[in-house]
Amino acid sequence: MAPSSHHPSAVQRAPQQLRTPSNRKTIYDRNLNRSRTAELSRASFAYLFGEMVSYAQKRVTGIQDLERRLNEQGYPLGLRLLPLLLYREPPRASVRPNRILPLLQFIHGPLWRQLFSRTADAIEHSSSANNEYMISDNEPLVNQYISVPKEMSQLNCAAYVAGIIEGVCDGCGLKAAVSAHNGGTEMWPGKTVFLIRFEEGVVEREGLLDAKK
């Protein structure tokens, strides 16, 4: 029998669909309050954060570059945490902060409790710059499982948390640059100070709102 000159058409694959559990519910159907009290084990956190630092350390030019990368990793988390935390707040408190002081209190309280199961240790206003505020953490969890070599003693891996804070500030429309600084004392050698430097426009708007009172 002579071979046919007709070529069979290519077999078309059916488009893949997302697998749906037997109860027909997906992760998007879960109640956002279901996991509000869930905690990640410290061993898991230490491993994951250590891997994040190792990843950020690749191809960096120095300590400032590494801290910048850690900051950039934390920033998107801050943007996403803001609406989730507001959703979980009581109705009277679920308003996006639009002033500096309520924003700082939100970071000091709800944000810190979500991340570290406690509030931050202090909020201060800089005496030398009107647009600078500081939030202190005497024992930042992110630094407890990182071994920093002597030649990198100025490194503060809490730059990742600074990125989270910066994301929350920007998400509230109060743009700021946030950095983490070693502020160790005899009592709290691992103390970290998060410097929040608001843009001048934010401070000017704050002054106008105060003048209207």
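## Briefing: salt bridges, rings, cysteines and helix H3

Arg59 is exposed, at 70% relative accessible area. Keep in mind that this is a predicted model. Here's a quick tour of what its atoms show: seven salt bridges, five aromatic pairs, zero disulfides, and a helix, H3, that bends by about 35°.

**Two spots with positive phi**

- Back to Arg59 for a moment: its phi is near 60°, which is a positive value in a residue other than glycine.
- Arg59 sits in the loop between helix H1 (42-57) and H2.
- Ser117 also shows up here, with a positive phi near 60° although it isn't glycine.
- You'll find Ser117 in the loop between H3 and S1, where it follows H3.

**Salt bridges along H2**

- Of the seven salt bridges in the count, start with Asp65 and Arg68, whose side chains meet at 2.5 Å, N to O.
- Asp65 and Arg68 are three residues apart in helix H2 (residues 63-88), so about one helical turn separates them.
- The two partners differ in how much surface they show: Asp65 is buried at 13% relative accessible area, while Arg68 is partly exposed at 41%.
- Arg68 has another salt bridge, this one with Glu72, and there the closest N and O atoms are 2.8 Å apart.
- Glu72 and Arg68 are both in helix H2 as well, four residues apart, again about one turn of the helix.
- Why does that spacing suit a side-chain pair? An α-helix has 3.6 residues a turn, so residues three or four places apart point the same way.
- Glu72 comes out as partly exposed, with 46% relative accessibility.
- Put together, Asp65, Arg68 and Glu72 form a linked network of salt bridges.

**A salt bridge across the sequence**

- Asp137 pairs with Arg118 in a salt bridge, with 2.7 Å between the closest N and O atoms.
- Asp137 belongs to strand S2 (residues 132-137) and Arg118 to the loop between helix H3 (100-116) and strand S1 (122-125), so this pair ties together parts that are 19 residues apart in sequence.
- Buried or exposed, what is Asp137? Asp137 is buried, with just 1% relative accessible area.
- Its partner Arg118 is partly exposed, at 27%.

**Aromatic rings**

- The structure has five aromatic pairs.
- In one of them, Phe49 and Tyr160 have ring centres 5.6 Å apart and planes at 65°, so this pair counts as edge-to-face.
- Phe49 is in helix H1 and Tyr160 in helix H4 (residues 159-171), so the two rings tie together parts that are 111 residues apart in sequence.
- Both Phe49 and Tyr160 are buried.
- Ring pairs also bring in Phe45, giving a cluster of Phe45, Phe49 and Tyr160.

**Cysteines**

- The disulfide count is zero.
- Why is Cys169 unbonded? The closest cysteine sulfur to that of Cys169 is in Cys172, 7.1 Å away, and that is too far for a bond, given that a disulfide needs the two sulfur atoms within 2.5 Å.
- Seen from the other end, Cys172 is in no disulfide either, with the sulfur of Cys169 as its nearest at 7.1 Å.
- Cys169 is buried at 0% relative accessibility, and Cys172 is buried too, at 10%.

**Helix H3**

- H3 has 17 residues and covers 22 Å from its first C-alpha to its last.
- That span is close to the 24 Å expected at 1.5 Å a residue.
- Where does H3 bend? The bend, of about 35°, is at Ile107, and a proline, Pro110, follows within four residues.
- Ile107 and Pro110 are both among the buried residues of H3.
- Other buried residues of H3 include Ile100, Leu103, Leu104, Phe106, Gly109, Leu111, Trp112 and Phe116.
- What do the buried residues of H3 pack against? Their neighbours are H2, S1, S2, H4, strand S4 (192-198) and helix H5 (200-211).
- Two of those neighbours came up earlier: H2 holds the Glu72 and Arg68 pair, and S2 contains Asp137.
- H4, another neighbour of H3's buried residues, holds Tyr160.

Conventions. Residues are numbered from 1 along each chain as its sequence is written. This is a predicted model: local features need pLDDT of at least 70, side-chain atom pairs count only at pLDDT 80 or more; totals for chains, interfaces and linings use all residues. Side-chain values use heavy atoms; hydrogens and water are left out. A salt bridge is a side-chain nitrogen of Lys or Arg within 4 Å of a carboxyl oxygen of Asp or Glu. Buried means under 20% relative accessible area, exposed over 50%, partly exposed in between (1.4 Å probe, protein chains only). Rings of Phe, Tyr and Trp (its six-membered ring) pair if their centres lie within 6.5 Å; planes under 30 degrees apart count as stacked, over 60 as edge-to-face and the rest as tilted. The expected span of a helix is 1.5 Å times one less than its number of residues. The bend at a residue is the angle between axes fitted to the seven residues ending there and the seven starting there. Contact means heavy atoms within 4.5 Å.
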